Each structure stands twice: as structure tokens, then as C-alpha cells.
Amino acid sequence: MSRGPLNLLIDMLAGACLLTMVATGYVLRFPLPPARNHTHELWGLSRYDWGYIHSWASLGLLLVLIIHLVLHWEWIVTMIRHRFACFQGGGANAGRHAGLVTMAVFVALAALFVLATHFGVRE
């Protein structure tokens with residue numbers, strides 16, 4: 001499969017996951033809010049079932065976005081390399097350094113989020 005149709009497929013999957021997340025998020029917030037009696041259902045699904053769908057749609061979107069980043073990694077590294085002076089003029093290693101710094105920033109942000117959510121939980 002060439003890059004064009006593959007990118008279109010990935011983008012369509014990302015859009016479907018995003019729309020599913022928005023729709024289920026709406027259902028969880030408005031028609032079936034947390035304070036409601038747990039016997040309420042919408043179209044035969046409980047709040048728990050809607051949350052399950054919402055979670056899987058979120059994980060699906062994460063997976064599709066990771067694939068999207070992999071497919072566009074060369075472009076991302078090139079843009080970062082050209083935008084930041086510290087990566088210019090380094091030859092072949094400049095692209096590698098830009099990629100490593102970009103990956104480190106993504107990992108650091110994810111780690112900070114995990115720490116913030118872990119230590120932010122209260123009874």
C-alpha cells in the first residue's frame with residue numbers, strides 16, 4: 001500500500017476514534033452523569049458500558065496517533081531540525097539528535113502526566 005492511501009486510512013481511523021470519544025464523553029457527562037442512579041441505561045447500555053467504550057476508543061486513538069507519528073517521523077524530525085538552530089549544521093547527526101530530543105520530550109511529558117495523575121488521587 002502506498003503512503004497516500006495508508007495516511008488516509010490512518011486519518012479516517014483517528015477521526016472515527018475521536019468522534020466515538022466525543023459521543024461517549026457526551027453520554028457520560030450529560031444523559032448519564034456520575035450522580036445518577038446506577039440503574040439508568042441508554043440504548044441498553046449502562047454508564048459503565050459507555051465508559052468501557054470510551055476507554056477503548058481512547059486507546060484506539062492513542063494507537064492510531066502513534067502509527068501516525070511513525071509514518072510522519074522523518075517530516076517531524078526535519079521540521080524540528082530546520083526550526084531550531086541547535087540542530088542546524090550538524091550533518092547526519094543533527095537529524096538523529098533532533099529525533100532523540102523530540103522523543104525525549106514526548107516521553108518526559110508522558111511521565112509527568114503519569115506522575116501527576118498518580119500522586120493527584122485523593123480519597
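A residue is called buried when its relative accessible area is under 20%, exposed when that area is over 50%, and partly exposed in between. Keep that in mind as we walk through this predicted model.

Let's start with Tyr26. Its relative accessibility is 49%, so Tyr26 counts as partly exposed. Now for its ring. A pair of aromatic rings is described by the distance of the centres and the angle of the planes. Searching the whole structure turns up three aromatic pairs. One of them joins Tyr26 and Phe30: the ring centres are 5.2 Å apart, and with 40 degrees between the planes the pair is tilted. Phe30 has another partner too, since the charged end of Arg29 sits over the Phe30 ring, 5.2 Å from its centre.

Next, hop along to Ser46, which you'll find in strand 2, covering residues 45–46. Is Ser46 buried or exposed? Its relative accessibility is just 17%, and the limit for buried is under 20%, so Ser46 counts as buried. Leaving aside residues up to four places away in sequence, Ser46 touches Leu32, His40 and Glu41.

Finally, take a look at helix 2, which runs over residues 47–71 and holds Leu62. With a relative accessible area of 48%, Leu62 falls between the two limits, so it is partly exposed. Leu62 also belongs to a nonpolar patch on the surface, about 820 Å² in area. Its companions there are Tyr48, Tyr52, Trp56, Leu59, Ile66 and Val70.

Conventions:
Residues are numbered from 1 along each chain as its sequence is written. This is a predicted model: local features need pLDDT of at least 70, side-chain atom pairs count only at pLDDT 80 or more; totals for chains, interfaces and linings use all residues. Side-chain values use heavy atoms; hydrogens and water are left out. Patches are made of residues with over 30% relative accessible area and no salt bridge: like charges are joined within 9 Å, nonpolar side chains (Val, Leu, Ile, Met, Phe, Trp, Tyr) within 5 Å. Accessible areas come from the Shrake-Rupley method with a 1.4 Å probe; for residues, only the protein chains shown count as cover. A salt bridge is a side-chain nitrogen of Lys or Arg within 4 Å of a carboxyl oxygen of Asp or Glu. Helices (H or I, at least four residues) and strands (E, at least two) are DSSP runs, numbered from the N terminus. Buried means under 20% relative accessible area, exposed over 50%, partly exposed in between (1.4 Å probe, protein chains only). Contact means heavy atoms within 4.5 Å. Rings of Phe, Tyr and Trp (its six-membered ring) pair if their centres lie within 6.5 Å; planes under 30 degrees apart count as stacked, over 60 as edge-to-face and the rest as tilted. A charge sits over a ring if NZ of Lys or CZ of Arg is within 6 Å of the ring centre and within 35 degrees of the ring normal.
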